[in-house]
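Hi everyone, thanks for making time today. Please have a look at the structure on the screen, and I'll talk you through it.

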Amino acid sequence: MEEVERGKRMPLPQSAVLGAKDLPRTILSDHIESRLFGKLKQERLERARFYGKTYDEVPGAEALIVRVVSSVDKKLEVKQQFLEIFQEENYPVDFGYKSKVFQPYYFR
């Protein structure tokens, strides 16, 4: 910070800083966003009705973005003791799944 203040370094221009909207969209993030916006709109309409105001007079959450920030293939290994109990049923030794992390972002 001191180097920026002394003029030795220049901060990045705001246009070079990537934001949430620059992260890639997925089918799942689009689905979650559309469901989220639908529920927020419904809740805002209910509050407007309750307070006897118009939709625009009631504050609401806008400019929200949901993005997948991590998607990792993982494997759950079944414990040996469990396999021994169910050995006659041909139980699988592991289960594959995808672990995803979603991050909601709010920007102004």
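Let's begin with Asp73, which is exposed, at a relative accessible area of 59%. Its side chain meets that of Lys98 in a salt bridge, at 2.8 Å from N to O. This pair links distant parts of the chain, as Asp73 sits in strand β1 and Lys98 in strand β2, 25 residues apart. Lys98 is partly exposed, with 45% relative accessible area.

I should say right away that this is a predicted model. The mean pLDDT of the chain is 86, and 90% of the residues reach 70 or more. Where is confidence lowest, and where is it highest? The low end is helix α1, residues 2–5, with a mean of 69, and the high end is α2, with a mean of 94. So please keep that in mind when your eye wanders over to α1.

Now, how many salt bridges does the structure hold? There are five, and I'd like to show you two more besides the Asp73 one. Take Arg67 and Glu33, whose closest N and O atoms are 2.8 Å apart. Arg67 belongs to strand β1, residues 64–77, and Glu33 to helix α2, residues 27–51, so this salt bridge ties together parts that are 34 residues apart in sequence. Are these two residues buried or exposed? Arg67 has a relative accessible area of 5%, so it is buried. Glu33 comes out at 12%, so it counts as buried too, the cut-off being under 20%.

The other one is within a single helix. Glu43 forms a salt bridge with Arg47, with 2.6 Å between the closest N and O atoms. Both residues lie in α2, four residues apart, which is about one turn of the helix. For anyone who likes the geometry, an α-helix has 3.6 residues a turn, so residues three or four places apart point the same way. Glu43 is partly exposed, at 35% relative accessible area, and Arg47, at 25%, is also partly exposed.

Since we keep coming back to α2, let's stay there for a moment. How far apart are its end C-alpha atoms? They are 36 Å apart, and that agrees with the 36 Å that its 25 residues should span at 1.5 Å a residue. The buried residues of α2 are Ser29, Glu33, Arg44 and Ala48. You'll recognise Glu33 there as the partner of Arg67. And what covers those buried residues? The cover includes β1 and β2.

Just after α2 comes Gly52, with a positive phi near 70 degrees. A bit further on is Asp56, in the loop between α2 and β1. Asp56 is exposed, with a relative accessible area of 68%. If you look back from there to Leu45, eleven residues away along the chain, the two C-alpha atoms are separated by 9.4 Å.

There is another loop worth a look, the one between α3, residues 80–85, and β2, and that is where you'll find Asn90. What is its phi? It is positive, about 55 degrees, although Asn90 is not a glycine. Asn90 is exposed, too, with 70% relative accessible area.

Moving on to the surface, there is a nonpolar patch formed by Leu76, Phe82, Tyr91, Phe95 and Tyr97. Together these residues have about 450 Å² of accessible area. Tyr97 is found in β2, which runs over residues 94–106. With a relative accessible area of 42%, Tyr97 is partly exposed.

Finally, let me step back to the whole chain. It has three helices and two strands, and along the sequence they follow the pattern α-α-β-α-β. Buried residues make up 12% of the 108 residues. The chain exposes about 9,500 Å², and carbon and sulfur atoms supply 54% of that area. What about contacts between residues with a separation of 6 or more? Residues 24 or more positions apart account for 61% of these. The Arg67–Glu33 pair we met earlier joins parts 34 residues apart, and the Asp73–Lys98 pair joins parts 25 residues apart.

That's my tour, and I'm happy to take questions.

How values were computed. Residues are numbered from 1 along each chain as its sequence is written. This is a predicted model: local features need pLDDT of at least 70, side-chain atom pairs count only at pLDDT 80 or more; totals for chains, interfaces and linings use all residues. Side-chain values use heavy atoms; hydrogens and water are left out. Patches are made of residues with over 30% relative accessible area and no salt bridge: like charges are joined within 9 Å, nonpolar side chains (Val, Leu, Ile, Met, Phe, Trp, Tyr) within 5 Å. Accessible areas come from the Shrake-Rupley method with a 1.4 Å probe; for residues, only the protein chains shown count as cover. A salt bridge is a side-chain nitrogen of Lys or Arg within 4 Å of a carboxyl oxygen of Asp or Glu. Buried means under 20% relative accessible area, exposed over 50%, partly exposed in between (1.4 Å probe, protein chains only). Contact means heavy atoms within 4.5 Å. pLDDT is the predictor's confidence in each residue, from 0 to 100. The expected span of a helix is 1.5 Å times one less than its number of residues.
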